[in-house]
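Let's take a walk through this fold together, strand by strand and then into the packing. Have the model open and follow along.

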Amino acid sequence: MAQNSLLPEEKARVKIDRQLTNAGWDIVPRDEYVPRSASAVKEALMQGNIESDYLLFVDDKAIAVVEAKREENPLGGDVQIQAEDYACNPKDWYGVWFSNQIPLVYLANGNKIYFKNMLQQDSDYIELNEMHSPKKMLKLIGQVSEYGALPRLDKRGLRDCQYRAEMKFEESIKNGEKKSLAILATGSGKTYLACLATYRLLNYTNAKRVLFLADRNNLAKQAKTEFCTFNRTENQEEIIIN
């Protein structure tokens, strides 16, 4: 659909979808929810058969409500009341981090994002430059997750085989499997895949270290070079190699 044919609410949603995606959230309809993923569910059902614009889940537990409005909406008190009412009325069968409470509330119109932590009494809304990631939201509510902070994997810059291998690897560890084997053709980027898996484990899970073994010195040197030049990180930070 052409951008100029969209309604004001739809134009704002396009921008909000992008903000959520950039923060690592998988945006899905409520009938296509993927378990054990960092998901932003559109039009999620709440108590009284009303719908929240987005309901965000980590570890299959509702962690945040996002109330979306058109760009012209100033996101004032009426929007705040609406969003906070959703946060206090999750469906009985939703997993939650805190009893009868979705802890984080976001207001967005495509241009501005406001945030409030409902766990902090008498707190005010704070304007954000970008949407919070799953990792950041867990930190805000003082919770940890073994694999729930793994954000959406951007396929850009990855070969199809690398993307599929990483997704299958992460699926296997979430399912509790202890071993994974990736078989890729020569020159398809297996070492880069190892860098990617290592970074995501160290940055988004409870993993403390990763051991990379090579059976020849030249392969070890090649791997070290690959790790040192790996740039698919938050803020292009370096991976520390010992």
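Which residue in E3 is the bridge partner of Ala44? It's Ser52. Before going further, a word on the ground rules: this is a predicted model, where local features need pLDDT of at least 70, side-chain atom pairs count only at pLDDT 80 or more, and totals for chains, interfaces and linings use all residues. Residues are numbered from 1 along each chain as its sequence is written, and side-chain values use heavy atoms, with hydrogens and water left out.

Now the overall layout. The chain has 6 helices and 8 strands, where helices (H or I, at least four residues) and strands (E, at least two) are DSSP runs numbered from the N terminus. Read from the N terminus, the order is α-β-β-β-β-α-β-β-β-β-α-α-α-α. Along the principal axes, the C-alpha atoms fill a box of roughly 65 × 45 × 30 Å. There are 242 residues, and 43% of them count as buried (buried means under 20% relative accessible area, exposed over 50%, partly exposed in between, with a 1.4 Å probe and protein chains only). Of the contacts (heavy atoms within 4.5 Å) with a separation of 6 or more, 56% come from residues 24 or more positions apart.

Back to the strands, where two count as paired if DSSP finds at least two bridges between them. Strand E2 (residues 39-45) pairs with strand E1 (residues 26-29) in the parallel sense, over 4 bridges, and here Pro29 stands opposite Lys42. With strand E3 (residues 51-58), E2 pairs in the antiparallel sense over 6 bridges. E2 and E3 make a hairpin with 5 residues between them, and Gly48 in the turn has a positive phi of about 80 degrees.

A second hairpin joins strand E6 (residues 104-108) to strand E7: 4 residues lie between them, and Gly110 in the turn has a positive phi of about 95 degrees. These two strands pair in the antiparallel sense over 5 bridges, with Tyr106 bridging to Phe115 in E7. E7 also pairs with strand E8 (residues 126-128), again antiparallel, over 3 bridges, and Ile113 has Leu128 as its bridge partner there.

Are the residues of E7 buried or exposed? Strand E7 (residues 113-117) is mostly covered, with 5 of its 5 residues buried. In a regular strand, side chains alternate between the two faces of the sheet. Here, Ile113, Phe115 and Asn117 point one way, Tyr114 and Lys116 point the other way, and all are buried.

On to the packing. Nonpolar side chains tend to be buried together in soluble globular proteins. The largest nonpolar core (buried Ala, Val, Leu, Ile, Met, Phe, Trp, Tyr and Cys residues joined through side-chain atoms within 4.5 Å) has 25 residues, and those with the most contacts inside it are Trp25, Leu56, Ile63 and Tyr106. Two or more residues each come from helix H1 (8-22), E3, E4, E6, E7 and helix H3 (134-140), with E4 giving the largest share, 4 residues. Not counting residues up to four places away in sequence, Ile63 touches a long list, including Trp25, Leu56, Trp97 and Met137. Apart from this core lies another, of 20 residues, among them Val28, Met46, Tyr114 and Tyr125.

Finally, the aromatics. Rings of Phe, Tyr and Trp (its six-membered ring) pair if their centres lie within 6.5 Å; planes under 30 degrees apart count as stacked, over 60 as edge-to-face and the rest as tilted. A search of the whole structure turns up 8 such pairs. Why is the pair of Trp93 and Tyr94 edge-to-face? Their ring centres are 4.6 Å apart and their planes are at 70 degrees, so the pair earns that label. Trp93 is exposed at 61% relative accessible area, whereas Tyr94 is buried at 12%. Together with Tyr33 and Phe57, these two residues form one aromatic cluster.

Elsewhere, Tyr192 and Phe230 have ring centres 5.2 Å apart and planes at 55 degrees, so this pair is tilted. Tyr192 lies in helix H5 (residues 190-204) and Phe230 in the segment after helix H6 (217-229), so the pair ties together parts that are 38 residues apart in sequence. Both residues, Tyr192 and Phe230, are buried.
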